[in-house]
Amino acid sequence: MLKRLGWGLRRGLLVPIGIEPLGPDTGNEILNGGFEEPGAGGVDIWADWTETVSDGVLTNEVVIVHSGNDSCKMTAGPTVDTRVNQFFAVTPLTIHRLIFWTQGDGVNDGFFHVWDATNGANIIALTNTGITGAAWAPYAVEFVIPAGCISVNFFLRCPNVNGGICYFDDVDIRAVT
Ligand SMILES: [Ca+2]
Ligand SMILES: [Ca+2]
């Protein structure tokens with residue numbers, strides 16, 4: 001990807017100057033970020049994601065979707081640890097940008113968690129989205145891959161209230177530097 005910094009005169013012609021690479025845009029590291037590809041069935045609801053239902057409910061939502069025909073619906077159970085996750089490979093010390101779309105049930109919001117699977121440490125500790133409303137809104141954050149880290153485990157998690165509902169769609173994580 002290139003960005004144009006400005007225009008300049010060269011031999012009397014106005015030409016773009018300062019073209020430089022933005023960095024190694026890796027494309028979306030998350031597979032099936034839109035939850036459009038089904039899994040094998042049963043507890044394997046979505047391809048590429050690992051589902052952990054626990055005592056809550058995971059549902060392939062087909063009405064409340066941000067794009068396509070499907071989204072991820074989570075209903076928290078008593079132990080409020082219903083979640084999906086997937087691993088992706090990274091280059092240490094690169095900056096990654098995370099964007100996903102989410103909504104709550106009017107009161108409760110979903111959570112996410114970015115885990116350094118190489119070093120066994122949080123990159124972003126369990127964090128609520130703050131998006132409780134029943135309308136799609138984007139959540140975005142940038143984070144630095146720690147030294148030595150070559151594998152990240154990314155989690156989307158249910159609200160922290162029994163019976164709380166949230167939705168996720170269009171998850172995108174990519175290196176931006
Ligand atoms: Ca979708
Ligand atoms: Ca799956």
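In what order do the five strands of the open sheet that contains β15 follow one another?

**View 1. An open antiparallel sheet of five strands in the predicted model.** In this predicted model, the strands are arranged in the order β7-β10-β15-β12-β13, and their pairing is antiparallel. The edges are taken by β7 (50-52) and β13, each of which has a single partner strand, so one side of each is left without a neighbour in the sheet. Neighbouring strands of this sheet are turned by 15° against each other on average, with direction ignored.

**View 2. Strand β15 and its pairing with β10.** Strand β10, which covers residues 83-89, runs antiparallel to strand β15, which covers residues 151-157, and seven bridges join the two. Two of the positions along this pairing can be picked out by residue: R83 stands opposite R157 of β15, and N85 stands opposite F155 of β15. Strands of a sheet pair through backbone hydrogen bonds, in either a parallel or an antiparallel manner.

**View 3. Strand β15 and its pairing with β12.** Strand β12 (residues 111-116) is joined to β15 by six bridges, and these strands likewise run antiparallel. Within this pairing, W115 has N153 of β15 as its bridge partner.

**View 4. An open sheet built on β8, β9, β16, β11 and β14.** Five strands form this open sheet, in the order β8-β9-β16-β11-β14, and the pairing is antiparallel. Its edge strands are β8 (57-61) and β14, each of which pairs on one side only. From one strand to the next, the twist averages 30°.

**View 5. The pairing of β9 with β16.** Strand β9, made up of residues 71-75, pairs in the antiparallel sense with strand β16, made up of residues 165-175, over four bridges. One of the residues involved is M74, whose bridge partner in β16 is C166.

**View 6. A135 in the loop between β13 and β14.** Where does A135 lie with respect to the strands β13 and β14? A135 is placed in the loop between β13 (121-128) and β14 (137-144), and this loop therefore follows an edge strand of the sheet shown in View 1 and leads to an edge strand of the sheet shown in View 4. Is A135 buried or exposed? A135 has 9 other C-beta atoms within 10 Å and is therefore exposed, the cut-off for an exposed residue being 12 or fewer. A135 and I64 are 71 residues apart in sequence, and their C-alpha atoms are 9.0 Å apart in space.

Technical notes. Residues numbered from 1 in each chain as written. Chains lettered and ligands numbered in written order. Predicted model: local features only at pLDDT ≥ 70, side-chain atom pairs only at ≥ 80, totals over all residues. Buried ≥ 20, exposed ≤ 12 C-beta atoms within 10 Å, placed from the backbone. Pairing = 2+ DSSP bridges. Axes fitted to C-alpha atoms, helices over the stretch in contact; angles between N-to-C directions.
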